[in-house]
Amino acid sequence: MDILKLSTDWAKAEVFSAKISLLLSLLFFLAAIGFWQLGKTVMAKAFVWPMLVAGILILAVAVGLYFANQPRITQFETAYHTDAKAFIQTEIQRTAKSQNDLALVFKVLPFIIIVAALLIIFINTPLWRAIAITTIALMTVLMFIDSNTGARNTGYHQQLLTGKQ
């Protein structure tokens, strides 16, 4: 098994995921612009700011994914050729930590969705409903992004463990 190719392919997949996240943020921005330009009701107008904020948050996720993983593509080769065993051990530790972090994310995001759903039920003002609905959409998108990241991370971690032996 070529660990270096495996690692660079993983990093390239994360960079691709960042580009998909960027597209998702653009959809939120387009929705905000659409509500701003075409929204006639108070409820439609209430979505402008929450959608912009959600777009900015997803954009931040996309930028973070990109700038965390793009440099790794070249750093992996250097680290691997310097000390392959240390590289593999470092990657195993990093992916194990990521698995723990993602497990926490999948406990927190559903809780936030539940709180937002309760806001929709108990608060009847357009702005708070728009915030709650947008929060549910945002958390769903973040779970989509993180579920793909988690699946890639788990597979990569398992292959690193297998390749170590």
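**View 1. D9 and K5 sit about one helical turn apart in helix 1.** Four residues separate D9 from K5 in helix 1, so the two are about one helical turn from each other. The model shown here and in every other view is predicted. D9 and K5 form a salt bridge. Their closest N and O atoms are 2.8 Å apart. D9 is partly exposed, with a relative accessible area of 34%. K5 is also partly exposed, at 46% relative accessibility. Side chains of opposite charge can pair when their charged atoms come close. The count of salt bridges in the model comes to four. Two others are shown in Views 2 and 3.

**View 2. E91 and R94 form a salt bridge in helix 4.** The closest N and O atoms of E91 and R94 are 2.6 Å apart. The two residues are three places apart in helix 4, so about one helical turn separates them. E91 has 5% relative accessibility and counts as buried, because buried means under 20%. Both E91 and R94 also belong to the contact of helix 4 with helix 3. That contact is the subject of View 4.

**View 3. D101 and K97 form another salt bridge in helix 4.** Here the closest N and O atoms are 2.9 Å apart. D101 and K97 are four residues apart in helix 4, which means about one helical turn lies between them. D101 is partly exposed, with 37% relative accessibility. K97 reaches 51% relative accessibility and counts as exposed, because the exposed class begins over 50%.

**View 4. Helix 3 meets helix 4.** Helix 3 covers residues 48-82, and helix 4 covers residues 84-122. Two packed helices are described by the angle between their axes and the distance between the axes. In this pair the axes come within 5 Å. They cross at roughly 135°. Helix 3 is therefore oblique to helix 4. On the helix 3 side, the contact involves R72, F76, A79, Y80 and T82. On the helix 4 side, it involves A84, F87, E91 and R94. By type, five of the contact residues are nonpolar, one is polar and three are charged.

**View 5. Ring pairs join five aromatic residues into a cluster.** The members are W10, F76, Y80, F87 and Y156. F76 and Y80 are also among the helix 3 residues that meet helix 4. F87 is among the helix 4 residues in that contact. The model's count of aromatic pairs comes to six. Views 6 and 7 each show one pair.

**View 6. F35 and F47 form a stacked pair.** A pair of aromatic rings is described by the distance of the centres and the angle of the planes. The ring centres of F35 and F47 are 4.9 Å apart, and the planes lie at 20°, so the pair is stacked. This pair links distant parts of the chain. F35 is in helix 1, residues 3-38. F47 is in the loop between helix 2, residues 42-46, and helix 3. The two are 12 residues apart. Is each ring residue buried or partly exposed? F35 is partly exposed, at 25% relative accessibility. F47 is buried, at 9%.

**View 7. Y66 and F67 form an edge-to-face pair.** Their ring centres are 5.2 Å apart and their planes meet at 90°, so the pair is edge-to-face. Y66 has 29% relative accessibility and counts as partly exposed. F67 has 59% and counts as exposed.

**View 8. L4 in helix 1 touches four residues beyond its sequence neighbours.** L4 lies in helix 1. L4 is buried, at 13% relative accessibility. Which residues does L4 contact, leaving aside neighbours within four places in sequence? They are F76, E77, Y80 and H81. F76 and Y80 also appear in the aromatic cluster of View 5. The C-alpha atoms of L4 and A84 are separated by 8.9 Å. Along the chain, these two residues are 80 residues apart.

**View 9. N153 is a buried residue of helix 5.** Helix 5 spans residues 126-164 and holds N153. N153 has 2% relative accessibility, so N153 counts as buried. Not counting residues up to four places away in sequence, N153 touches W10, T95, S98 and Q99. W10 is also one of the cluster residues in View 5.

Conventions. Residues numbered from 1 in each chain as written. Predicted model: local features only at pLDDT ≥ 70, side-chain atom pairs only at ≥ 80, totals over all residues. Heavy atoms only, no water. Axes fitted to C-alpha atoms, helices over the stretch in contact; angles between N-to-C directions. Parallel < 35°, antiparallel > 145°, perpendicular 65-115°, else oblique. Contact = heavy atoms within 4.5 Å. Nonpolar A, V, L, I, M, F, W, Y, C, P; charged D, E, K, R; others polar. Phe/Tyr/Trp six-rings, centres within 6.5 Å; stacked < 30°, edge-to-face > 60°. Buried < 20%, exposed > 50% of the residue type's maximum accessible area, 1.4 Å probe, protein only. Salt bridge = Lys/Arg side-chain N within 4 Å of Asp/Glu carboxyl O.
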